[in-house]
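Subject: Structure handover

Hello,

Here is the structure I promised to pass on. Please open it first, then read my notes below.

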Amino acid sequence: MATENRINFWRRNAKVPGRYPKDTKPKFNNLKSKKASSFHEFARSTNDAWDIDDEEDEDFLGNPAPASLQSVSTQSQQQQNQAGDTETWESHRPAPPRTEAEKLQDVQEEDTEHVNDKVVRSSSDTHLNTSSVRSPLQKQHTLPVRPIIPLVARISDQNASGAPPMTVREKSRLDKFKQLLASPNTDLEELRKHSWSGIPREVRPITWRLLSGYLPANKERRELVLKRKREEYFGFIEQYYHSRTDEHYKDTYRQIHIDIPRTNPLIPLFQQPVVQEVFERILFIWAIRHPASGYVQGINDLVTPFFVVFLSEFVTEDVESFEVAALPLDTQRNIEADSFWCMSKLLDGIQDNYTFAQPGIQNKVKALEELVSRIDEDIHNHFKKYEVEYLQFAFRWMNNLLMRELPLRCTIRLWDTYQAEAEGFSHFHLYVCAAFLIEWRKEILSMVDFQGLLMLLQNLPTIHWGNEEVGLLLAEAYRLKYMFADAPSHYKR
């Protein structure tokens, strides 16, 4: 009886972790468009963030677009014309804030960057055959026309410059972090305990280096380790980076080169040529040092939180529009090397997500399905009724660690906790995904067709989320972890 009352409390109380108060929860109206009878039918009439890969490859090689792509575009336009008088998703509700995955579709992934109306090419382009790239006009015939939305997501959080002065509690937390970090041998368990609820911006770079295992707990050894690891990374650059145009590696480098402009395309920081070249080097060196997986789409996103956090160590204003080229070259190199090593540490724990057939992701999606069936049977049965497979929306949640669903500032806060948790990225993430799904329970159950459900799950309106919402999400995930600690058994193997 006590257990039942406790569960009912969490479900009915609007102020518990992971729940919006009723008067602030985003509203979604029912979709009144034609029902798609299957995922394959739905897929034929929609586009995903990765559907333009073939087109990008053609751009990269300087070949014209395949006729099939133009045919798909024509069919899509015909469908839009036929549906002119029907009520659509967009006409039935205020347009929700767009997720990162949708923003990526708005960007025409070309191998050039436009800065102040001038075309700026990466210095790496001299190694590539891009002599006959198609014009933007030709691209418009093969990409769906999408509305342009203003960028409202900010990287900065409550501890960034320009924010209100710290409260007494925040100052006390910062002092505690400084005390731990200044000790001759940092107590990592104590550091994790304090980091779980968020790390102050001022000490986040050094704390992330320690929690990721990049730096030792012994304070005296840190400078020597940093110097050695940074030199080692640039030794890899000298030894291997020239081989990116070799026959054996050119496909890997080409895919990296295509994906980099898609990485947070609406944040100016990541569109700077110097930053894109940093990402190219980091991803290429990681790929050739890990041949079991190589480079897989999605890994490019995992560099960005580390890069932003380590850049913030040298930037007082918001980093979103900061010109990285203005930093001293040594500082740029240190940020690049530290980002590489910390990303490598993260991927060491989840590399089976990116090996052949991505078995890690498949297991985690299956685990999420089993967990949700126990947490909220109504949602689980609703998906079954409308033939929604968890893989259709949760693959991206696992592949990109929810980075396409949350603003970057929220990802950074989320990763504070992931690095404080034992197996945060590989295990606790499952419960975060479950809590994230249950957060949208009302909206999910209001959708009564396959297409509406999938569109909702791929466009959840989190662009205005901040530290408070992420904190509630993590609290709910923590509760789920200890309520369902035995689930699912195959996931823990």
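A term you will need first: a residue is called buried when its relative accessible area is under 20%, exposed when that area is over 50%, and partly exposed in between. Please also keep in mind that this is a predicted model.

**The chain as a whole**

The protein chain has 22 helices and two strands. It holds 493 residues, and 54% of them count as buried. Many contacts span a long stretch of sequence. Take the contacts between residues at least 6 apart: 78% of them join residues at least 24 apart.

**The core**

The largest nonpolar core has 116 residues. Those with the most contacts inside it are F307, L311, M343, L368, F383, W415 and L437. Helix α19, residues 424-439, gives the most to this core, with eleven residues.

L311 is a good place to look. Set aside its neighbours within four places in sequence. L311 is then in contact with L269, V319, F322, V324, L327 and I335.

**Helix α15**

Helix α15 covers residues 359-375, which makes 17 residues. At 1.5 Å a residue it should span 24 Å, and its end C-alpha atoms are indeed 24 Å apart, so the two values agree.

Which residues of α15 are buried? They are G360, I361, K364, V365, A367, L368, L371, V372 and I375. Seen down the axis of α15, these buried residues fall within an arc of 160 degrees, so they line one face of the helix. The spacing of such a list follows a simple rule. An α-helix has 3.6 residues a turn, so residues three or four places apart point the same way. One of the buried residues of α15, L368, is also on the list of residues with the most contacts inside the core.

**Helix α9 and its partner α18**

Helix α9 runs over residues 204-211. Seven of its eight residues are buried, so it is largely enclosed by the rest of the structure. The buried ones are R204, P205, T207, W208, R209, L210 and L211.

What do the buried residues of α9 pack against? The list is α7 (168-182), α8 (188-195), α10 (219-240), α13 (304-312), α14 (329-348) and α18 (408-420).

I looked further at the pairing with α18. The two helices, α9 and α18, pack at an angle of about 35 degrees, with their axes 10 Å apart. Their crossing is left-handed. From α9, the residues R204, W208 and L211 take part. They meet I412, W415, D416, Q419 and A420 in α18. W415 appears again among the residues with the most contacts inside the core.

T411 also lies in helix α18. Is T411 buried or exposed? At 1% relative accessibility, T411 counts as buried. Not counting residues up to four places away in sequence, T411 touches P305, M403 and L406.

**Positive phi angles**

Three residues to check here. G213, just after α9, takes a positive phi of about 90 degrees.

A357 has a positive phi of about 70 degrees although it is not a glycine. Its place is in the loop between α14 and α15. A357 is partly exposed, with a relative accessible area of 46%.

E387 is not a glycine either, yet has a positive phi of about 60 degrees. E387 is found in the loop between α16 (377-385) and α17 (391-399). Its relative accessible area is 48%, which makes E387 partly exposed.

**Two pairs across the sequence**

Where is G294 found? G294 is in the loop between α12 (273-289) and α13. With a relative accessible area of 14%, G294 is buried. G294 and T252 are 42 residues apart in sequence and 7.7 Å apart in space, C-alpha to C-alpha. Leaving aside neighbours within four places in sequence, G294 is in contact with W286, A287 and I299.

The other pair is D251 and Y295. These two are 44 residues apart in sequence and 9.9 Å apart in space, C-alpha to C-alpha. D251 lies in helix α11, residues 250-259. Its relative accessible area is 43%, so D251 is partly exposed.

Best wishes

Technical notes: Residues numbered from 1 in each chain as written. Predicted model: local features only at pLDDT ≥ 70, side-chain atom pairs only at ≥ 80, totals over all residues. Heavy atoms only, no water. Core = buried A, V, L, I, M, F, W, Y, C linked by side-chain atoms within 4.5 Å. Buried < 20%, exposed > 50% of the residue type's maximum accessible area, 1.4 Å probe, protein only. Helix = DSSP H or I, 4+ residues; strand = E, 2+ residues; numbered from the N terminus. Contact = heavy atoms within 4.5 Å. Expected span 1.5 Å × (residues − 1). Arc of directions from axis to C-beta. Axes fitted to C-alpha atoms, helices over the stretch in contact; angles between N-to-C directions. Left-handed = near helix turned anticlockwise from the far one by under 90°.
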